Amino acid sequence: MTPFTDRRLRRRDLLGGLAAAPLAGLPGRARSAPAPVAGFRVVAAHPHDPAAFTQGLAWADGELWEGTGLVGQSEVRRVDLATGTVLERRSIAPGQFGEGIAFLGERLHQLTWLSGVCHVWKTGPLKLAGNRRYRGQGWGLASDGHRLYMSDGSATVTVRNRRFGAVRRISVRDGGEPVPLLNELEWVAGELWANVFRTDRIVRVDPATGNVIGWIDLAGLRQAIPEPERPTAANAVLNGIAHDPASGRILVTGKLWPRLFEIEVAGAAA
């Protein structure tokens, strides 16, 4: 079990060593203090396919769903949480790189990285119901039950309607500075959570303002994987957040990780 740890980190650490861009046109403006950083506790560990290049997780109607990436290997899957067994899977076009997933109503939406296509899946059984088009890159996807929230690797999240039209853009900032490399997204009790690519951190965002509410430092989570199974590949980074609103359970994993973890976060709403 990993105990809660609460601390503040330097801005340099929060962004994984990346230099944060200053506020354009506002030289000398005082910036507010960075949002606080919370630790975590491992509640449970579950088996996870170590060959899954996880791009997105979602929880719906008591079941876990996963979107995987890599050209020629990208899929959408229904997964048994207790055993890690893939119960149902569908591949996308061989030339496409799958990205984040989210349910809106009864349809599962799956982004692609560079293809500008969002696949819309019908479940029970899993079947492609259609596609939506968009410009730019697709990274992470989440839903509040009415809208979709999409990241593209920048500090901006685009809010989209059921027809995938852009209705609003959210600029994510901490202490007045943009937070780049937003990746996998999840809606958690009115907050928008995002993996920050190539870091061990999740950022918690107020979707109304784009202001960062807090950070979750998951450094050390990889060490909860038994050493013989622990992934060492450079691309085996933390990625994937799922929230069960009925129980408040938070599930996280990484690309090519053999474990999926249920965690508790100090100070986070369930």
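**Note on the predicted model**

1. The accessible surface of the protein amounts to about 11,900 Å², and carbon and sulfur atoms account for 51% of that area. The model under review is a predicted one.

2. As to overall make-up, the secondary structure consists of 1 helix and 23 strands. The protein has 270 residues, of which 51% count as buried. When contacts between residues at least 6 apart in sequence are considered, 53% of them join residues at least 24 apart.

3. The largest nonpolar core holds 20 residues. Within this core, W193, L218, L221, V252, F261 and I263 touch the most other members. Two or more residues each are contributed by β2 (40–47), β21 (238–244), β22 (249–254) and β23 (259–265). The largest share, 3 residues, is that of β23.

4. I263 deserves a separate remark. Once neighbours within four places in sequence are set aside, I263 is in contact with F40, R41, V42 and V43, and also with L218, I250 and V252. Another core, of 18 residues, lies apart from the largest one; its members include A35, Y149, V159 and L182.

5. Q110 belongs to strand β8, which spans residues 107–112. Is this residue buried or exposed? Q110 is buried, because its relative accessible area is 0%, and the cut-off for a buried residue is under 20%.

6. The side chain of Q110 takes part in polar pairings. One of its polar atoms lies 3.2 Å from the backbone oxygen of E75. A polar contact of 3.0 Å also joins the side chain of Q110 to that of W121.

7. Both E75 and W121 recur in the list of residues in contact with Q110, which leaves aside neighbours within four places in sequence. That list further comprises T68, V76, I92, G98, E99, G100, I101, V117, C118 and H119.

8. R132 is found in strand β10, residues 127–133. With a relative accessible area of 27%, R132 is classed as partly exposed, because this class lies between the cut-offs of 20% and 50%.

9. Which residues does R132 touch, not counting those up to four places away in sequence? They are G116, V117, C118 and V120, together with R162, R163 and F164. V117 and C118 are thus among the residues touched by R132, and they are also among the contacts of Q110. In addition, R132 and L111 stand 21 residues apart in sequence, with their C-alpha atoms 9.3 Å apart in space.

Key:
Residues are numbered from 1 along each chain as its sequence is written. This is a predicted model: local features need pLDDT of at least 70, side-chain atom pairs count only at pLDDT 80 or more; totals for chains, interfaces and linings use all residues. Side-chain values use heavy atoms; hydrogens and water are left out. A nonpolar core is a set of buried Ala, Val, Leu, Ile, Met, Phe, Trp, Tyr and Cys residues joined through side-chain atoms within 4.5 Å. Buried means under 20% relative accessible area, exposed over 50%, partly exposed in between (1.4 Å probe, protein chains only). Helices (H or I, at least four residues) and strands (E, at least two) are DSSP runs, numbered from the N terminus. Contact means heavy atoms within 4.5 Å. Accessible areas come from the Shrake-Rupley method with a 1.4 Å probe; for residues, only the protein chains shown count as cover. A polar contact is a pair of N or O atoms within 3.5 Å; within protein, one must be able to donate a hydrogen and the other to accept it, and residues adjacent in sequence count only if both atoms are side-chain atoms.
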